[in-house]
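Open the structure in your viewer and keep the selection tool at hand. We will go from stop to stop.

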Protein chains: 2
Amino acid sequence: MKIEEISNKLIEKGLRVTPQRMAILEAIIKLNNHPTAENIIEYIRKNHPHISLATVYKVLDALVENSLIKKVKTEKDIMRYDALMESHHHIYCSDSDRIEDYQDNELNELLKKYFDKKEIPNFKIEDLKLHIIGRFLKTGKK
Amino acid sequence: MKIEEISNKLIEKGLRVTPQRMAILEAIIKLNNHPTAENIIEYIRKNHPHISLATVYKVLDALVENSLIKKVKTEKDIMRYDALMESHHHIYCSDSDRIEDYQDNELNELLKKYFDKKEIPNFKIEDLKLHIIGRFLKTGKK
DNA sequence: TATTAAAGGAGAATTATTCTTATTTGAAAA
DNA sequence: TTTTCAAATAAGAATAATTCTCCTTTAATA
Ligand SMILES: [Mn+2]
Ligand SMILES: [Mn+2]
Ligand SMILES: [Zn+2]
Ligand SMILES: [Zn+2]
């Protein structure tokens, strides 16, 4: 992803392009593995050592608010963020904090078809996210 | 659920039966809608006004540790708990904090069959939880 | 009833996040 | 280009959910 593509994302949403926003959005995209605010700050400080914690949190909120990133659900007291905006699923490792994306159109269609047929009374489905929980096998660990 | 059933759950796990544990486990079962620690304390204080916050958190941990309750994933900085231990899915309301259980064996079998066929490389699935996100319709609101 | 490891209570500490307020800055307008 | 100013950032204080520490109480066993 080029730097210009990142600033275009901000411009499209009517957000001012600032070095902080560029760095944070770039960090989430580059880090790629559902980083925490802490992970993002650590990454950014290499090139941008003076960024403020409060700015990071405010920028993250603004990016979520403007649909440039998403929050990831966890059962920990730490928020994680995701730059992949297409609706997708997650693989959760049950003995570490690793979270991987899982994109599978066949599954999406299977689910869509299922809930077209079997409606939930008084409920309008907007999104379906499967949490796939289990263990990564040690062979050839990523 | 009778009071004796609740103490039996504790005894089966080798946990000592204390009034605090009874009250907390009963609260989660009775409240039924994925309460927060705060919700639980508020409920319990009616009959048990002197329980300590620290105790509530410690008991919740012990109950999770011993598989008597589960943590519920949210994208908020507040933990929620669930007394329904069978593997099940959740309906998340996108404009409130409401979370409802969704139990559907047909869906479970569909998913199981799907992932028996389509394996994820180097990954052993232990559980599948669908997050159904959307809106409850106002008609006959619960 | 006595014993004792386990559990609870109280309040301080921690920590992720939010707030406040002064300062700076991106970008539109002149 | 310079001016303007709403919007954004920095810094540190505040907040709030949760955890910790340390002392007291108690459930279960003998
Ligand atoms: Mn918090
Ligand atoms: Mn917290
Ligand atoms: Zn993702
Ligand atoms: Zn549930």
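The tour below visits the two chains, each DNA strand and a metal site.

**Before you start**

This is a predicted model, in which local features need pLDDT of at least 70, side-chain atom pairs count only at pLDDT 80 or more, and totals for chains, interfaces and linings use all residues. Residues are numbered from 1 along each chain as its sequence is written, chains are lettered from A and ligands numbered from 1 in the order in which they are written, and side-chain values use heavy atoms, with hydrogens and water left out.

**Stop 1: the two chains**

Colour chain A and chain B separately. A rotation of 180° with 0.0 Å of shift along its axis lays chain A on chain B, with an RMSD of 0.0 Å. The two copies are thus related as by a two-fold rotation axis. The superposition is by least squares on the C-alpha atoms of residues with pLDDT of at least 70 in both copies. Now select A:Leu130. In chain A, its C-alpha is the nearest to the axis, at 2.2 Å. Both copies use the same surface: 100% of the contact residues of chain A recur in chain B. Contact here means heavy atoms within 4.5 Å.

**Stop 2: DNA strand C**

Select DNA strand C and the protein around it. A residue is near a strand if one of its heavy atoms lies within 4 Å of it. Which of the 20 residues around DNA strand C come nearest? They are A:Val17, A:Tyr57, B:Thr18, B:Gln20 and B:Thr55. Sugar and phosphate make up 68% of the atoms of DNA strand C that come within 4 Å of the protein.

Next, look for polar contacts (pairs of N or O atoms within 3.5 Å). Pick B:Thr55: a side-chain N or O atom is 2.6 Å from a phosphate oxygen of DNA strand C. Pick B:Arg21: here the side chain has an N or O atom 2.9 Å from a phosphate oxygen of the strand. Then try A:Arg16. A polar side-chain atom of A:Arg16 lies 3.5 Å from a base oxygen of DNA strand C.

Show the helices (DSSP runs of H or I, at least four residues, numbered from the N terminus). The largest share of the surface near DNA strand C comes from α4(B), with 4 residues.

**Stop 3: DNA strand D**

Move to DNA strand D. It is surrounded by 21 residues, and the closest are A:Thr18, A:Gln20, A:Thr55, B:Val17 and B:Tyr57. Sugar or phosphate supplies 70% of the strand's atoms within 4 Å of the protein, and bases the rest.

Select A:Arg21. One of its polar side-chain atoms lies 2.9 Å from a phosphate oxygen of DNA strand D. At A:Ser52, a polar backbone atom is 3.2 Å from a phosphate oxygen. A:Lys58 reaches a base: a polar side-chain atom lies 3.3 Å from a base nitrogen of DNA strand D. Here α4(A) gives the largest share of the nearby surface, 4 residues.

**Stop 4: the zinc ion**

Finish at the zinc ion (ligand 4). Which residues coordinate the zinc ion? B:His34 (NE2), B:Asp82 (OD), B:His88 (NE2), B:His90 (NE2) and B:Asp101 (OD) do, at 1.9 to 2.4 Å. Donors are N, O and S atoms within 2.8 Å of the metal (3.2 Å for Na, K and Ca); water is not among the atoms, so sites may look incomplete.

Zoom in on two of the donor residues. B:His34 sits in the loop between α2 and α3 (37-45) of chain B, and B:Asp82 in strand β2 (residues 80-82), 48 residues apart. B:His34 is buried, at 1% relative accessible area. B:Asp82 is buried too, at 4%. Buried means under 20% relative accessible area, exposed over 50%, and partly exposed in between (1.4 Å probe, protein chains only).

Key. Polar contact = N/O pair within 3.5 Å; in protein donor to acceptor, adjacent residues only side chain to side chain. Helix = DSSP H or I, 4+ residues; strand = E, 2+ residues; numbered from the N terminus.
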